[in-house]
Amino acid sequence: MDQSLKSPALSALDDAFHAQVEASRNAPPPALAARLDGLKRLRAMLSDNEKRLEQAISADFGHRCAVETTIAETLFLQAEIRHTLKVLPRWMAPRRIATALQFWPARNRLIPQPLGVVGIIAPWNYPLQLTLAPAIGALAAGNRVMIKPSELTPHFSALLKELIAANFDPAQLTVTGIDNGIAEAFAALPFDHLVFTGSTRVGRIVAEAAGRNLTPVTLELGGKSPTIVDVSADIDEAAERIAYAKLLNAGQTCIAPDYVFVPEPQRDAFAGKLHRQMLQMFGTNPANADYTSIISERHYARLEGLLRDAIARGAKTLSTTSPEDPAWKKLRKFPPTVVVGATPDMAIMQEEIFGPLLPIMTYRQSDEVIRHINAHDRPLALYWFGTDAAARDTVLARTVSGGVTINDCLLHFAQMNQPMGGVGASGIGHYHGEWGFNSFSKLKPVFYRSPFNRMKDLYPPYGASIARIEKLLRFLS
Ligand code: NAD
């Protein structure tokens, strides 16, 4: 595009990108000390501004439970930084790789190298964690990083931009505006790697845009995460843990249990227990500060639509009140609702719910559950409750998902040494811990030839000796 026709926001985006590309191509890769220093500055920025960040996120949500912001965002990031600081020297070191006998004496090394400029597109639901967790991995790997937060979190995005600008050279780390038109233009930049966290629908658009530049992507997408309550499960325990995981951030969590499969005879007992747990955790007062608001009126209306459709198609609900209750609606607090008698034709069973509605499906044979799951997109997460190891292992073997927690929900995500990432429609690639470092590095194989190796014996003209060498190679292969 002719530069003179570009809006100031698009020109600023281009300038920021080119400054990072220039730095990444012309300066040596940052040494360990510089990377540690960047991570420590990020850590200090987070702890010095914890309250401000928490308030900005709450302003964007209408209300965001402060404990949730602390646990799921700030402390999560602090733990990731602490872990990275400790093990980064080992991650950065060239890795020894075995050398086949015929090349002896020689050395193989796998050398991690920064890719260059990494772009990060983040959603609104955990805006701090999902902008900075990939940034920690990308900075640790020595990259330059550009972040584009969601347009639905304007208070947070403005604050993050201000804090990053005050603490980092924009050629190392920068936050772009949230202006109209930036999202598409951002995804179209020829990054060396692009991390997108968001919906599967937009993920497809971003993957297409990145594909035009052959930019490799990490896509952290969404979808419906099934929860299976086996006949061997303790249903009191399962109800408590599922209720917590579902209502964290009012259900606006990518790995929240989306729906539950319960043995048919236990359906009503389980639904009652779930509802009681929800009441015990969050009570009946919409102003309860522990309960988070829905991000926007549009999202609230979408959830109301899902519930209306389920009721019209015969579902029964367990809830304190209706989402139309003005006391709840004016705060955009959506009453936690158990949807009993969900069926596959209901919209609630067809799209990711992303809110505090929990449909219950029933089954007679566990095979029905596996068939249902395998007939749909690969889920981001899967949860299984029970004590029957054979039943558990059958589900593990016959379903493919981004991750699994057994006898609880969400917790596989919090394991620093495990990769985070979906599969199929729930995502491509991984990050967190060393998995992120590796994703954002070129792991470059380097072969160091030894002067004593007899490679020369292989060169033409091929005389009588080649037959002996061939024989040896056949023996070694
Ligand atoms: P979204 O897909 O609507 O938006 C995500 C980001 O993409 C935003 O920053 C938005 O501005 C940007 N965007 C929108 N259109 C774009 C375009 N054409 N080109 C480039 N960027 C564009 O998602 P959301 O509503 O913000 O977040 C909710 C979704 O994210 C849910 O589906 C949830 O499951 C998923 N999610 C996944 C994870 C994970 O780790 N897998 C984590 C959180 C959320």
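The following paragraphs describe the surroundings of the ligand, then a pocket, and finally a cavity in this structure. The model is a predicted one.

The ligand is a suitable place to begin. Around the ligand there are 28 residues, and those that come nearest are Ala122, Glu151, Ser199, Leu221 and Glu352. Some of the contacts can be described atom by atom. A polar side-chain atom of Glu151 is found 2.4 Å from an oxygen atom of the ligand. In the case of Ala122, a polar backbone atom takes this part, at 2.6 Å from an oxygen atom of the ligand. Trp124 contributes a polar side-chain atom, which lies 2.9 Å from an oxygen atom of the ligand. On its own, the ligand has 850 Å² of accessible area, and the protein covers 90% of that area.

The character of this shell may be considered next. Its residues comprise 17 nonpolar, 6 polar and 5 charged ones. Helix α7 (182-187), strand β6 (193-197) and helix α8 (200-212) each provide at least two residues of the shell. Two domains take part in the shell around the ligand: domain 1 (3-221 + 428-442) and domain 2 (226-418) each give at least three residues to it.

Attention now turns to the second largest pocket. The volume of this pocket is about 400 Å³. Its lining consists of 20 residues, and Ala72, Leu248, Leu410, Phe413 and Ala414 lie nearest its centre. The elements that supply two or more residues to this lining are α4 (66-92), α5 (127-140) and α9 (235-247). By residue type, the lining of the second largest pocket divides into 16 nonpolar, 2 polar and 2 charged residues. Domain 1 (3-221 + 428-442) and domain 2 (226-418) each contribute at least three residues to the lining of this pocket.

The last features to examine are the cavities. The structure contains 3 cavities of 30 Å³ or more. The largest cavity has a volume of about 50 Å³. Among the residues that line the largest cavity are Gly223, Ser225, Lys246, Asp258 and Phe354. Its lining also includes Gly251, Thr253, Cys254, Ala256 and Pro257. Glu352 belongs to the lining of this cavity, and Glu352 is also one of the residues that come nearest to the ligand. The lining of the largest cavity divides into 4 nonpolar, 4 polar and 3 charged residues.

Note on methods. Residues numbered from 1 in each chain as written. Predicted model: local features only at pLDDT ≥ 70, side-chain atom pairs only at ≥ 80, totals over all residues. Heavy atoms only, no water. Near = heavy atom within 4 Å. Polar contact = N/O pair within 3.5 Å; in protein donor to acceptor, adjacent residues only side chain to side chain. Areas by Shrake-Rupley, 256 points an atom, 1.4 Å probe, with all protein chains shown as cover. Helix = DSSP H or I, 4+ residues; strand = E, 2+ residues; numbered from the N terminus. Nonpolar A, V, L, I, M, F, W, Y, C, P; charged D, E, K, R; others polar. Domains from an automatic or database assignment. 1 Å grid on protein atoms, 1.4 Å probe; cavity = no way out; pocket = protein on both sides within 12 Å on 5 of 7 lines; lining within 4 Å. Points joined across faces, edges and corners; volume = space filled by probe spheres on them.
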